[in-house]
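This report walks through selected features of one protein model, moving from a single loop residue to sheets and helices. Please keep the sequence and the structure in view while reading.

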Amino acid sequence: MVLLKEHVSDHILWVKINRPKALNAVDFDVMEQLEDLVEEVENDESIRVLILSGAGDKFFISGGDLKKFHTIKSKEKAVDKAKRMQRLLSRIEQLPCWTIAQINGDAYGGGIELMLAFDFRVSVPNAKFGFTQGRFYLVPGWGGLTRLVEKVGRAKALEWLGKSEVTSVNDVLVHGLIEHILEVKSPEAETLAWAKKLTKNDRKFIQILKTGAMRFSPHREEALDAEVEPFSQLWVDEQHINRVDSFMNKKK
């Protein structure tokens, strides 16, 4: 299993992506197990908080697994993969419980897109945040552009993505991408204490709040869906393919 699950209290489920050799990158197995996890959480009334982190202390999620996803060679299959991830992240966003991404290490590309689907983000103080899709001639395709603009504003989102920026935890905190920086000594204990404050009310209450908070943007779903086409076009562009090939060859 690439997902490690632990019920750390009556109302809190902590899940870790356990692919340390692959820097906790998202591959097809992670996608499938996250889909199963979401279905489990959707149907378990006892869960009021879901926490997601990466295994170890080096990486939260390093993005999509380039080695595995590089096998996708057609635009149609790229569209299918992007739509599948969009459906998954939308289901996470709509869960009738609170969701926390505990950024236990560096987050890059698709890892940032995934954490943006969570209600809250807390981070260890040494984490780096890489908006690095542009280095591979890609744009966000999992809803990350829309959600990043929501969190930090249009100008900052375009700056980070346009520069393929890798930035610090203090920078992302200032711009509202994360909610809290954890203490160095006991980040897991502090995350758990942070989460427990969210367990005072049941899922009915939580869902009412979360649904209400989504009403501000009537065209949001259109914006999310619109990310798929340009992402898929660039996925089969020669510049993307060549840059991934070059990156993969450097790692050999």
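Where is Gln133 found?

## A loop residue and its surroundings

In this model, which is predicted, Gln133 belongs to the loop that runs between β8 (128-130) and α5 (144-152). Although placed in a loop, Gln133 has a relative accessibility of 11%, and since buried means under 20%, Gln133 therefore counts as buried. When its neighbours within four places in sequence are set aside, the residues in contact with Gln133 are Gly109, Gly110, Glu113, Leu138, Val139, Pro140 and Leu161.

## The four-stranded sheet

The strand β8 also takes part in an open sheet of four strands, whose order is β4-β6-β8-β9 and whose pairing is mixed. At its edges stand β4 (59-61) and β9 (166-168), each of which pairs on one side only, and from one strand to the next the twist averages 20°.

Within this sheet, β4 runs parallel to strand β6 (residues 106-108), and two bridges join them; in this part of the sheet, Phe59 stands opposite Asp106 in β6.

## The six-stranded sheet

A further open sheet is formed by six strands in the order β1-β2-β3-β5-β7-β10, again with mixed pairing. Its edge strands are β1 (3-7) and β10 (180-181), and each of these pairs on one side only. Helix α8 (residues 187-196) packs on this sheet and touches β2 (12-17), β3 (49-54), β5 (98-103), β7 and β10, while the direction of α8 makes about 140° with that of β2.

Beginning at the β1 edge, β1 and β2 are connected by a hairpin through four residues, and the two strands pair in the antiparallel sense over five bridges, with Val15 in β2 as the bridge partner of Lys5. On to β3, the pairing of β2 is parallel and comprises six bridges, and here Ile12 stands opposite Val49 in β3. Of the six residues of β2, five are buried, so this strand is largely enclosed by the rest of the structure.

Towards the β10 edge, strand β7 (residues 120-123) pairs with β10 in the parallel sense, over two bridges, and Val122 stands opposite His180 in β10.

## The packing of α1 against α3

How do the two helices α1 and α3 lie with respect to each other, and at what angle do they cross? The axes of helix α1 (residues 28-43) and helix α3 (residues 75-93) come within 10 Å and cross at roughly 30°; because angles under 35 degrees count as roughly parallel, α1 and α3 are therefore roughly parallel to each other. The crossing in which α1 passes α3 is left-handed.

On the α1 side, the contact is made by Phe28, Met31, Glu32, Leu34, Glu35, Val38, Glu39 and Glu42, which meet Lys81, Arg84, Met85, Leu88, Arg91 and Ile92 in α3. The residues of this contact divide into seven nonpolar and seven charged, with no polar ones.

## A residue of helix α10

Ala223 lies in helix α10 (residues 220-225), and its relative accessibility of 30% is the reason why Ala223 counts as partly exposed. Although Ala223 and Gly143 are 80 residues apart in sequence, their C-alpha atoms are 8.1 Å apart in space.

Notes. Residues numbered from 1 in each chain as written. Predicted model: local features only at pLDDT ≥ 70, side-chain atom pairs only at ≥ 80, totals over all residues. Heavy atoms only, no water. Axes fitted to C-alpha atoms, helices over the stretch in contact; angles between N-to-C directions. Parallel < 35°, antiparallel > 145°, perpendicular 65-115°, else oblique. Left-handed = near helix turned anticlockwise from the far one by under 90°. Contact = heavy atoms within 4.5 Å. Nonpolar A, V, L, I, M, F, W, Y, C, P; charged D, E, K, R; others polar. Buried < 20%, exposed > 50% of the residue type's maximum accessible area, 1.4 Å probe, protein only. Pairing = 2+ DSSP bridges.
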